[in-house]
Amino acid sequence: MHTSIFTFACLLGLTAGFLYKDLWLGIHINYVPSMSMYPTLKPGQFIVLDTWIYQDRAPQPDDVVVFQRGNKSLRLVKRVALWPDGKLQHEGLWYVLGDNQGASHDSRYFGGIHIEQLAGQVKLVLLTIDHQHQLLSDDTLRVVR
């Protein structure tokens, strides 16, 4: 009886930890679906975000960030850049661009983003899975710059 209660408590704790890792640990794992950040990030990569970083400081040019656009389930990965006129902010909005601008839908199309839309800064490539669902070991645990 004690074993089943302990097992249930452990499973409940793990589930809660996974669901609330953004709040408790300050991390989130995100999937990269497109070529918009190539060559920095590739489709099929799972990336680790620091979800607490922008509580203490503002985004800086060249930060690779994930933000919410439209509905809450749509998260995009882009790089913070200066506005075309050379400014960092326009009325509290941040300008974001994909590294692969030919394949990126970014601030050139939808304008700036609010800091409240930021989910976090990309810190690490956790792992990469190719289009055949095979794990690629040559691009695992890589720091993102």
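Asp62 is exposed, with a relative accessible area of 52%; here exposed means over 50%, buried means under 20% and partly exposed is anything in between, with a 1.4 Å probe and protein chains only. The model is a predicted one, so to speak of local features takes a pLDDT of at least 70, side-chain atom pairs count only at pLDDT 80 or more, and totals for chains, interfaces and linings use all residues. Residues are numbered from 1 along each chain as its sequence is written, and side-chain values use heavy atoms, with hydrogens and water left out.

Back to Asp62: this residue sits in the loop between α3 and β3, where helices (H or I, at least four residues) and strands (E, at least two) are DSSP runs numbered from the N terminus. Its backbone is a bit of an oddball, since most residues other than glycine have a negative phi, and most peptide bonds are trans. Asp62 has a positive phi of about 85° without being a glycine. His133 pulls a similar trick, with a positive phi near 65°. The loop between β8 and β9 (135-136) is home to His133, which counts as exposed at 69% relative accessibility. The peptide bond between Tyr38 and Pro39 is cis, with omega at about 10°, and Pro39 belongs to the loop between β1 and β2.

Next come the aromatic rings. The structure holds three aromatic pairs, a pair being rings of Phe, Tyr or Trp (its six-membered ring) with centres within 6.5 Å; planes under 30 degrees apart count as stacked, over 60 as edge-to-face and the rest as tilted. In one of them, Tyr31 and Phe46 have ring centres 5.1 Å apart and planes at 55°, so this pair is tilted. Tyr31 is in strand β1 (residues 27-31) and Phe46 in strand β2, 15 residues apart, which links distant parts of the chain. Both rings' owners are partly exposed: Tyr31 at 42% relative accessible area and Phe46 at 27%. Trp83 and Tyr95 also form a tilted pair, with centres 4.8 Å apart and planes at 45°. Trp83 is in the loop between β4 (75-81) and β5 (89-90), and Tyr95 is 12 residues away in strand β6 (residues 93-97). Trp83 is buried at 13%, and so is Tyr95 at 7%.

What about the inside? In soluble globular proteins, nonpolar side chains tend to be buried together. A nonpolar core is a set of buried Ala, Val, Leu, Ile, Met, Phe, Trp, Tyr and Cys residues joined through side-chain atoms within 4.5 Å. The largest one here has 12 residues, including Val32, Met37, Ile47 and Ala119. Strands β2 (45-50), β3 (64-68) and β8 each give two or more residues to this core, and β8 has the largest share, with three. A second, separate core has 11 residues, among them Val65, Phe67, Val80 and Leu118.

Ala119 turns up again at the largest pocket, where Thr51, Arg75, Leu118, Ala119 and Gly120 lie nearest the centre among 13 lining residues. A pocket, on a 1 Å grid over the protein atoms alone, is an open set of points where a 1.4 Å probe fits, with protein on both sides within 12 Å along at least five of seven lines; lining residues have an atom within 4 Å of a point. Both α3 (53-56) and β8 (118-129) supply at least two residues of this lining.
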